[in-house]
Amino acid sequence: MIILGIETTCDETAAAVVARTEDGRGRILSNIVLSQVAEHAEFGGVVPEIAARAHVEVLDCIIAKAMAEARVRFEALDGVAAAAGPGLIGGVIVGLTTAKAIALAHDKPLIAVNHLEAHALTARLTDATAFPYCLFLASGGHTQILGVRGVGDYLRLGGTVDDAIGEAFDKTAKLLGLGYPGGPLVESQATHGDPARFALPRPMAGRQDADFSLSGLKTALRIEAEKIAPLGDQDVADLCASFQQAVVDVVRDRLRHGLRQFRSLIGAPNALVCAGGVAANAAIRAVLHRVAVEAGTMLVAPPPALCTDNGAMIAWAGAERLALGLTDALDFAPRARWPLDQVTKAAPLPSS
Ligand code: KG4
Ligand code: ZN
């Protein structure tokens with residue numbers, strides 16, 4: 001089965017063609033991602049209106065490129081998948097409407113994919129990971145621990161009550177004048193900083209649930225920075241290292257609880273899987289590996305390019321759903337909000 005996947009929920013315009021064999025193996029035939037980082041950098045974050053316009057301008061081209069690189073014609077597709085949410089609604093409308101037009105013109109089934117479900121299923125494309133597994137999804141917009149029991153069968157074990165982890169990295173970078181997106185910049189500063197110089201809190205550590213809270217950490221960092229302003233280069237590096245160490249400690253503690261909950265509610269996980277841009281952070285990957293081994297399982301970490309937003313994950317989620325006979329009507333409504341635990345095996349019909 002060959003599927004085209006389209007991703008436009010945030011600041012990446014992406015399209016990919018993915019093949020799935022009868023026995024459930026995946027192969028990426030093309031994967032084109034155009035980042036809008038340059039368009040948003042001067043604003044220090046994603047501007048929804050700019051994002052939507054940029055998607056409109058380039059999406060047709062990106063799809064044509066993905067099809068050409070895969071050497072596949074529209075007639076040869078078995079389905080067209082697009083991220084139908086959650087995300088910035090203007091962008092979601094662009095991608096989903098384009099997918100509907102292609103599906104209608106070429107008489108192909110449409111698969112309206114939940115963006116989070118696509119992150120959740122990526123490990124099956126890259127590593128053929130068997131269900132059930134525990135997912136740690138951490139990006140600029142999401143921080144969740146989930147039990148992945150099957151396609152359309154997710155159990156939320158924990159999540160952030162305020163900021164996402166990537167958002168906290170981005171805000172830290174902005175506060176310290178490092179630029180956008182902040183994650184990689186904070187990580188590189190942290191490599192030559194002292195993680196023990198500032199005593200920052202470890203919010204939620206020790207609690208029995210698996211929830212996160214990042215906003216107190218961000219405030220504590222600002223207070224420490226204000227105390228020693230003006231900041232020298234070493235101060236910035238030490239603040240970054242202390243912040244990253246606090247996040248690493250929180251991730252370790254929260255995932256230990258998440259995996260414990262997984263075991264009692266679902267059983268033994270086949271893996272701990274990470275997804276989302278934050279999973280590109282080497283210190284976080286290292287702690288995830290330790291937590292997985294400690295819990296008697298292993299870490300599956302897809303390559304960073306497939307952890308961040310891309311079209312291949314949308315195409316693959318579309319293929320997994322289509323293989324189960326799950327398709328969507330052409331009037332499927334785009335969704336700004338669409339929690340993963342509300343994704344069901346049969347996608348609910350739009351309410352009106
Ligand atoms: O998954 P993603 O590409 O986009 C969405 O947010 O959906 O994730 C981007 C987020 C940004 O907040 C970025 O700062 C963060 O992931 N990030 C990192 C690193 N690389 C990207 N955070 C920490 N360390 C990194 N190396
Ligand atoms: Zn994402």
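**View 1. An open five-stranded sheet in a predicted model.** The strand order is 3-2-1-4-5, and the pairing is mixed. Strand 3 (26–35) and strand 5 (110–114) form the edges. Each of these edge strands pairs on one side only. From one strand to the next, the twist averages 20°.

**View 2. The pairing of strand 1 with strand 2.** Strand 1 covers residues 2–7, and strand 2 covers residues 12–20. The two run antiparallel. Six bridges join them. Across this pair, E7 stands opposite A14 in strand 2. In general, strands of a sheet pair through backbone hydrogen bonds, either parallel or antiparallel.

**View 3. Helix 2 and helix 11 against the sheet.** Helix 2 spans residues 48–70. Helix 2 lies across strand 1, strand 2 and strand 3. Its angle to strand 2 is about 25°. Helix 11 spans residues 311–323. Helix 11 lies across strand 1, strand 2, strand 3, strand 4 (79–85) and strand 5. Helix 11 runs at about 40° to strand 2.

**View 4. The zinc ion (ligand 2) and its donors.** Two histidines coordinate through NE2: H115 and H119. D309 coordinates through OD. The distances are 2.1 to 2.2 Å. Along the chain, the donors follow the spacing H-x3-H-x189-D.

**View 5. H115 and H119 in helix 4.** Helix 4 covers residues 115–127 and holds both histidines. H115 and H119 lie four residues apart, about one turn of the helix. Both H115 and H119 are buried. Each gives its NE2 atom to the zinc ion (ligand 2).

Technical notes
Residues numbered from 1 in each chain as written. Chains lettered and ligands numbered in written order. Predicted model: local features only at pLDDT ≥ 70, side-chain atom pairs only at ≥ 80, totals over all residues. Heavy atoms only, no water. Pairing = 2+ DSSP bridges. Axes fitted to C-alpha atoms, helices over the stretch in contact; angles between N-to-C directions. Contact = heavy atoms within 4.5 Å. Donors = N, O, S within 2.8 Å, 3.2 Å for Na, K, Ca; no water. Buried < 20%, exposed > 50% of the residue type's maximum accessible area, 1.4 Å probe, protein only.
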